[in-house]
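User: Please take a close look at a single part of this model and explain how that part is tied into the rest of the chain. A connected account with explicit cut-offs would be most useful.

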Amino acid sequence: MARFMDVHSGFVGVTAEQLSEAHARDLAIESGEGVHFERAWLDPVAGKVFCLSTGPSKEAVMRIHAQAGHPTVEVYELPIEVA
């Protein structure tokens, strides 16, 4: 499985609870596309959310986010990792 990082904009003022709810919506339907959302990060001042996932393709990640109500086209495959 490939690993992806995606970015959402427009989340200014969102709370940790609201982020958790949005993440839960992804988790509830992710298996339909063979995607797994590992975690999400929020910068409520900049209004940015970052999601780390694994899945078969960036398009599959995009479809789950769209179905969950927070679409994004900004999805990046992460083929190289260093520790």
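Analyst: In what follows, contact means heavy atoms within 4.5 Å. The model is predicted, so that local features need pLDDT of at least 70 and side-chain atom pairs count only at pLDDT 80 or more, while totals for chains, interfaces and linings use all residues. Residues are numbered from 1 along each chain as its sequence is written, and side-chain values use heavy atoms, with hydrogens and water left out.

The part chosen is strand β3, which spans residues 48-55. Helices (H or I, at least four residues) and strands (E, at least two) are DSSP runs, numbered from the N terminus. On that basis the protein chain contains 2 helices and 4 strands, and its elements follow the order β-α-β-β-α-β from the N terminus on. The 4 strands make an open sheet with antiparallel pairing, in the order β2-β3-β1-β4; two strands pair if DSSP finds at least two bridges between them. The edges of the sheet are held by β2 (36-43) and β4 (75-77), each of which has a single partner strand, so one side of each lacks a neighbour in the sheet. Neighbouring strands of the sheet are turned by 20° against each other on average, direction ignored. Axes are lines fitted to C-alpha atoms, for helices over the stretch in contact, and angles run from 0 to 180 degrees between N-to-C directions.

On one flank, β3 is joined to β2 by 7 bridges, and the two strands run antiparallel. Among the paired residues are W41, whose bridge partner in β3 is F50, and R39, whose partner in β3 is L52. β2 and β3 also form a hairpin with 4 residues between them, and G47 in its turn has a positive phi of about 75°. Towards β1, there are again 7 bridges to β3, also in antiparallel sense; here D6 stands opposite C51 of β3.

Both helices lie across this strand. Helix α1 (residues 16-29) crosses β2 and β3 and runs at about 160° to β2. Helix α2 (residues 58-68) lies across β1 (2-8), β2, β3 and β4, running at about 45° to β1.

β3 is mostly covered, with 6 of its 8 residues buried. Buried means under 20% relative accessible area, exposed over 50%, and partly exposed in between (1.4 Å probe, protein chains only). For the protein chain as a whole, 35% of the 83 residues count as buried. A nonpolar core is a set of buried Ala, Val, Leu, Ile, Met, Phe, Trp, Tyr and Cys residues joined through side-chain atoms within 4.5 Å. The largest such core has 13 residues, and F4, V35, F37, V49 and V61 have the most contacts inside it. β1, β3 and α2 are the elements that give two or more residues to this core, and α2 gives the most, with 3 residues.

V49 deserves separate attention. Not counting residues up to four places away in sequence, V49 touches D6, V7, H8, F11, L19, W41 and L42. One of these, L42, lies in strand β2 and counts as partly exposed, at 24% relative accessibility. With the same sequence exclusion, L42 touches F11, V14, T15, A16, L19, K48 and V49. The C-alpha atoms of L42 and F11 are separated by 8.2 Å, although these residues are 31 residues apart along the chain.

C51 leads to a further set of contacts, through H65. H65 belongs to helix α2 and is buried, with a relative accessible area of 0%. Apart from neighbours within four places in sequence, H65 is in contact with D6, H8, D26, F37, C51, H70, P71 and T72. Beyond helix α2, G69 is found in the loop between α2 and β4. G69 counts as exposed, at 54% relative accessibility.

Finally, the surroundings of β3 may be set against the whole chain. Of the contacts in the protein chain with a separation of 6 or more, 67% involve residues 24 or more positions apart. The C-alpha atoms fill a box of roughly 35 × 30 × 20 Å, taken along the principal axes. The radius of gyration of the protein chain is 12 Å, which agrees with the value near 12 Å for a compact globule of 83 residues; it is taken over C-alpha atoms, and the globule rule is 2.2 Å times the number of residues to the power 0.38.
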